[in-house]
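The following exercises practise the reading of a protein structure, from the whole chain down to single residues. Each task is followed by a worked solution.

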Amino acid sequence: MASTISWHFEKHPKSAVNGLQIHNERKSDKHKNARIDPEKTHLNVSSVIDHEFNHIPYTQRIDQLIQERYTGKRKPRKDAIVDVQHTLQFGGEEILNLPPEEKQAVMTTATNFLVDKIGGYQNVIGLNIHRDESNDHVHLDSIPLTNDGRLSAKDMYNRTFMKETQTQLLEHLQEEYPELDFVRASETKRGFKNGRSQADFERLKDEQDKLKRLEIEYEQQLSDVERETKQKLVETLTEIDPEYTVSKELYSEKVPTIFGHDGTEIWHFEMEYGDEPKPIKTTFGKRQVTDCF
């Protein structure tokens, strides 16, 4: 019977990492995720990384690594991506029926392989194995610092990297554990969707919906004065120079990219604002100026 693995990652600014740490380390007894079983939380595993950082918050871990290794001339932006959270989800009877210690060995093998691909443990700020949900899975939080000290999730996590890593991770597990018969999730029809258990897929969807709600709340908090100012700016620019566009640099900074583990590249910004800077006289262009300024 086949085993499957899915790899999913999401990018987060500094303002989101405290919430991630609370979830990862189960620092609260109040969980919005109904699939968490508090009676099993004691089975969760935290890595020595927490001890190495002396259990300080993720935000302080990020500040420490930036101070030690960041080589940029400018201070990172407040909304810069400073945390990339990876989720390794395992499925299939072969691996799920293993004894806990053997299952953890497989999960550790997969985690170590992924860590090597993202710059080593020097980039890892948090590592947790959750055993109190439907299926065991790994949460790995890392700071996107390149080898030359740049803070750039966009450069590190491009489409080529994602595809190559997905393929190599599967091949590595096939080589290390041939008896578990690891296959691509799409090759199984065992109740999994895109390599995830349905329960975990729903959990990730809940988290995505929560982030969307936070975005909406943020937009609602913008003052009427700010909205009016932006609208006047757009109207003035449209009248003065209908061909005006935001710079490619500014547009690129505003493109939040989320890669699905199955090779799908989802461009939320592009769906809403186009695939490149557009003249302000167009609908896409007006949205770009309104959002980027």
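The protein chain has 12 helices and nine strands. The model is a predicted one.

**Exercise 1. The whole chain**

Task: State what share of the residues in the protein chain is buried, and what share of the exposed area carbon and sulfur atoms supply.

Solution.
- Step 1. The protein chain has 293 residues, and 44% of them are buried.
- Step 2. The area that the protein chain exposes is about 16300 Å², of which carbon and sulfur atoms supply 50%.
- Step 3. Contacts with a separation of 6 or more can also be examined: 74% of them in the protein chain are between residues 24 or more positions apart.

**Exercise 2. Helix α7**

Task: Compare the length of helix α7 with the expected value, and determine where around the helix its buried residues fall.

Solution.
- Step 1. Helix α7 covers residues 159–176, which is 18 residues.
- Step 2. From the first C-alpha to the last, α7 reaches 26 Å, close to the 26 Å expected at 1.5 Å a residue.
- Step 3. Buried in α7 are F161, M162, T165, Q166, L169, L170 and L173.
- Step 4. Viewed down the axis of α7, these buried residues fall within an arc of 150°, so they line one face of the helix.
- Step 5. A general rule helps in reading such a pattern: an α-helix has 3.6 residues a turn, so residues three or four places apart point the same way.
- Step 6. At the start of α7, the backbone nitrogen of T160 has a side-chain oxygen of N158 within 3.2 Å.

**Exercise 3. Helix α1 and a residue that touches it**

Task: Identify the buried residues of helix α1, and find which residues T59 contacts beyond its neighbours within four places in sequence.

Solution.
- Step 1. Helix α1 comprises residues 14–24, and its buried residues are V17, L20, Q21, H23 and N24.
- Step 2. Around the axis they cover an arc of only 160°, which puts them on the same side of α1.
- Step 3. T59 is located in helix α3.
- Step 4. The limit for a buried residue is under 20% relative accessible area; T59, at 16%, therefore counts as buried.
- Step 5. With neighbours within four places in sequence left aside, T59 is in contact with K14, V17 and N18.

**Exercise 4. Aromatic pairs**

Task: Classify the ring pair of W7 and F9 and that of Y157 and F161.

Solution.
- Step 1. Two quantities are required, as a pair of aromatic rings is described by the distance of the centres and the angle of the planes.
- Step 2. A search of the whole structure finds four aromatic pairs.
- Step 3. For W7 and F9, the ring centres are 5.3 Å apart and the planes are at 40°, so the pair is tilted.
- Step 4. For Y157 and F161, the values are 5.4 Å centre to centre and 90° between the planes, and the pair is edge-to-face.
- Step 5. Ring pairs link W7, F9, Y157 and F161 into a cluster.
- Step 6. The relative accessible area is 4% for W7, which is buried, and 1% for F9, which is also buried. Y157 is buried at 1%, and F161 is buried at 13%.

**Exercise 5. Residues in loops**

Task: Decide whether L145, H55 and D181 are buried or partly exposed, and locate each of them.

Solution.
- Step 1. L145 lies in the loop between β5 (137–142) and α6 (153–156). Its relative accessible area is 1%, so L145 is buried.
- Step 2. Beyond residues up to four places away in sequence, L145 touches L65, R69, Y70, N123, R150, L151 and M156.
- Step 3. In sequence L145 and T71 are 74 residues apart, while their C-alpha atoms are 9.6 Å apart in space.
- Step 4. H55 is in the loop between α2 (49–52) and α3 (58–69). With a relative accessible area of 49%, H55 is partly exposed.
- Step 5. D181 is in the loop between α7 and β6 (192–193). With a relative accessible area of 39%, D181 is partly exposed.
- Step 6. Phi is positive in H55, near 60°, although this residue is not glycine. Phi of D181, another residue other than glycine, is positive and near 55°.

How values were computed:
Residues numbered from 1 in each chain as written. Predicted model: local features only at pLDDT ≥ 70, side-chain atom pairs only at ≥ 80, totals over all residues. Heavy atoms only, no water. Helix = DSSP H or I, 4+ residues; strand = E, 2+ residues; numbered from the N terminus. Expected span 1.5 Å × (residues − 1). Buried < 20%, exposed > 50% of the residue type's maximum accessible area, 1.4 Å probe, protein only. Arc of directions from axis to C-beta. Polar contact = N/O pair within 3.5 Å; in protein donor to acceptor, adjacent residues only side chain to side chain. Phe/Tyr/Trp six-rings, centres within 6.5 Å; stacked < 30°, edge-to-face > 60°. Contact = heavy atoms within 4.5 Å. Areas by Shrake-Rupley, 256 points an atom, 1.4 Å probe, with all protein chains shown as cover.
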